[in-house]
Every structure is written in structure tokens, then in C-alpha cells.
Amino acid sequence: MLNHQFLTEFSQNFIEQVQRVLNIDGYLTYSIDNINSAYNYHAFNIHKTSLDEYLNHKVEYDPVSFKRFYNKNNNIELLSQHQCDDTYLDFMNRWKIQDTAEIFFRKRNGDPILGLSIIREDSHQPFSIQDKNMLESFYQLSKKYFYHHADTLDKADIAASYSLTKKEIAVLEQLLNGINNSEIAMHLNCSLATIKTHVQHIYQKININNRQELICKFLR
């Protein structure tokens, strides 16, 4: 079950960081259920009528909608880098939309669960490649934090399936977050030798040989 309060706070914090370096005129956040369904829309400085028109009629024409990139690895797409048909161009012109930067926050397995549309009106220039690179930097900096709060493991199920102890589950979470053994030891207040022992026990119980196999087992 998604923590919608976290998603809202995360989105607002992300936008606050972006606004320090980029000009934006509004933004839209939404939760993604599957390739055909998004919900929990929250708009900021976007006219309600334009949002209603978009959701009811124009989303199917949007070349950077979440549906088009659900099964891809793209994190950020700029509308200005895609060809719009006349229907969507008319929509953009009437609502004075210059460009949008569409950001997809994904689970570890690649499925998007949070969408963020950043809007620039026609009083500004389209987003540049430099702008996109900056957004990508913000994305990468926030990714582990997002995973930790929005894409948690089913600890009880994994513990029962592989007979893992509470300490081994704690180590497993750290491993899947890309943290090395020395940092895990510091975080869990254990010796490095103890952590290495836990790691070997996890590998034996799950029947894998290394961290790469562990990631493929749970995150792909």
C-alpha cells in the first residue's frame, strides 16, 4: 500500500529543490497504479479547467504521458523533444503551455508509481538539455530515499520464505539499497566481521552467490 502522505511530501520537497535553480510555472503530481490507471492528482498553479480537459480528453494525445513510458527505463522526458499532433498542439496553445518535464519515480523493479509534471508556460523558453540533466541529478540524489520510503520489502513474507532472522532482514534491506558492508556495520552498530557472517547466511538461505544475484532476485 502506497504511503500517499510520503509521496505528497516527497513531491513538494523535490519541487522546492528544483525551483531554486529552474524557472517553473506549475506542476502536477499523481500516483500510478498500472499502465492504464493513474489517480490521486494534485495540481499547483494549474487551472482546474485545463486539468479536467487534459485528464478527460487529452491525456491520450500526450506524447510524454506515463502510459507511453510505463514499460521503459526513462526517468525524465521533455515534451519539447517529442512530436505533438494537432490536437495536443491546440490544447497547449489554448492553455499557453510552452513545455513540460515529465518525471517518473519508479520502484526498484522499474514500475513507475509516482509521476511529476513540471510546467513551463509560453512566457519562458522550453526546457533545455542542461535543464534535463539538472533534473536527472536531482532524481538520482533522491532515488535511494524514495526507495526506502515508497518501495519497502515485505519483511514478514521474506523472513518466512527463507527463514531469515530479524538481523538478517535488516542487513538484506541495506544490501538492496546499495550500501557496502562497512557502512552496514556502522548503521547497525555491528562489527564488519559480524555483517559479513550475516551476508553469507543470507546468501546460503536464499541460495545465491553474490549481491548481483540478490538484486535480480528481489528487485527485477
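**View 1. A predicted model with zero disulfides.** The count of disulfides here is zero, so let's look at where two of the cysteines sit. Cys-84 is buried, with a relative accessibility of 10%. Cys-190 comes out as partly exposed, at 22% relative accessible area.

**View 2. Asp-99, a buried acid without a salt bridge.** Find strand β4, residues 97-106, and you'll find Asp-99 in it. What is the nearest side chain of opposite charge to Asp-99? That's Arg-120, 6.4 Å away; a salt bridge needs the atoms within 4 Å. Asp-99 does have other partners: its side chain makes a polar contact of 2.7 Å with the side chain of Ser-80, and it also reaches the backbone nitrogen of Phe-127 at 2.9 Å. Among the residues that Asp-99 touches are Leu-78, Ile-118 and Pro-126.

**View 3. Arg-120 pairs with Asp-131.** The side chains of these two form a salt bridge, 3.3 Å from N to O. Arg-120 belongs to strand β5 (residues 112-121) and Asp-131 to helix α5 (residues 129-150), so the pair links distant parts of the chain, eleven residues apart. Are these two buried or exposed? Arg-120 counts as buried at 7% relative accessibility, and Asp-131 is buried too, at 11%.

**View 4. A salt bridge within helix α2.** Lys-48 and Asp-52 meet through their side chains at 2.8 Å, N to O. They sit four residues apart in α2 (residues 48-58), which means about one helical turn separates them. Lys-48 is exposed, with 58% relative accessible area, while Asp-52 is partly exposed at 31%.

**View 5. Arg-94 reaches Glu-53.** The closest N and O atoms of this salt bridge are 2.4 Å apart. Arg-94 is in helix α4 (residues 86-94) and Glu-53 is in helix α2, so the pair ties together parts that are 41 residues apart in sequence. Arg-94 is partly exposed, at 40%, whereas Glu-53 is buried, at 13%. Both belong to a network of salt bridges that also takes in Lys-58 and Asp-90. In total, the structure has seven salt bridges.

**View 6. Helix α7 is mostly covered.** How many of the eleven residues in α7 (residues 166-176) are buried? Eight of them are, including Glu-168, Val-171, Gln-174 and Leu-176. After the helix comes Gly-178, with a positive phi near 80 degrees.

Key. Residues are numbered from 1 along each chain as its sequence is written. This is a predicted model: local features need pLDDT of at least 70, side-chain atom pairs count only at pLDDT 80 or more; totals for chains, interfaces and linings use all residues. Side-chain values use heavy atoms; hydrogens and water are left out. Helices (H or I, at least four residues) and strands (E, at least two) are DSSP runs, numbered from the N terminus. Buried means under 20% relative accessible area, exposed over 50%, partly exposed in between (1.4 Å probe, protein chains only). Lys and Arg count as positive and Asp and Glu as negative; His and the chain ends are not counted. A polar contact is a pair of N or O atoms within 3.5 Å; within protein, one must be able to donate a hydrogen and the other to accept it, and residues adjacent in sequence count only if both atoms are side-chain atoms. Contact means heavy atoms within 4.5 Å. A disulfide is a pair of cysteine sulfur atoms within 2.5 Å. Lists of a residue's contacts leave out its neighbours within four places in sequence.
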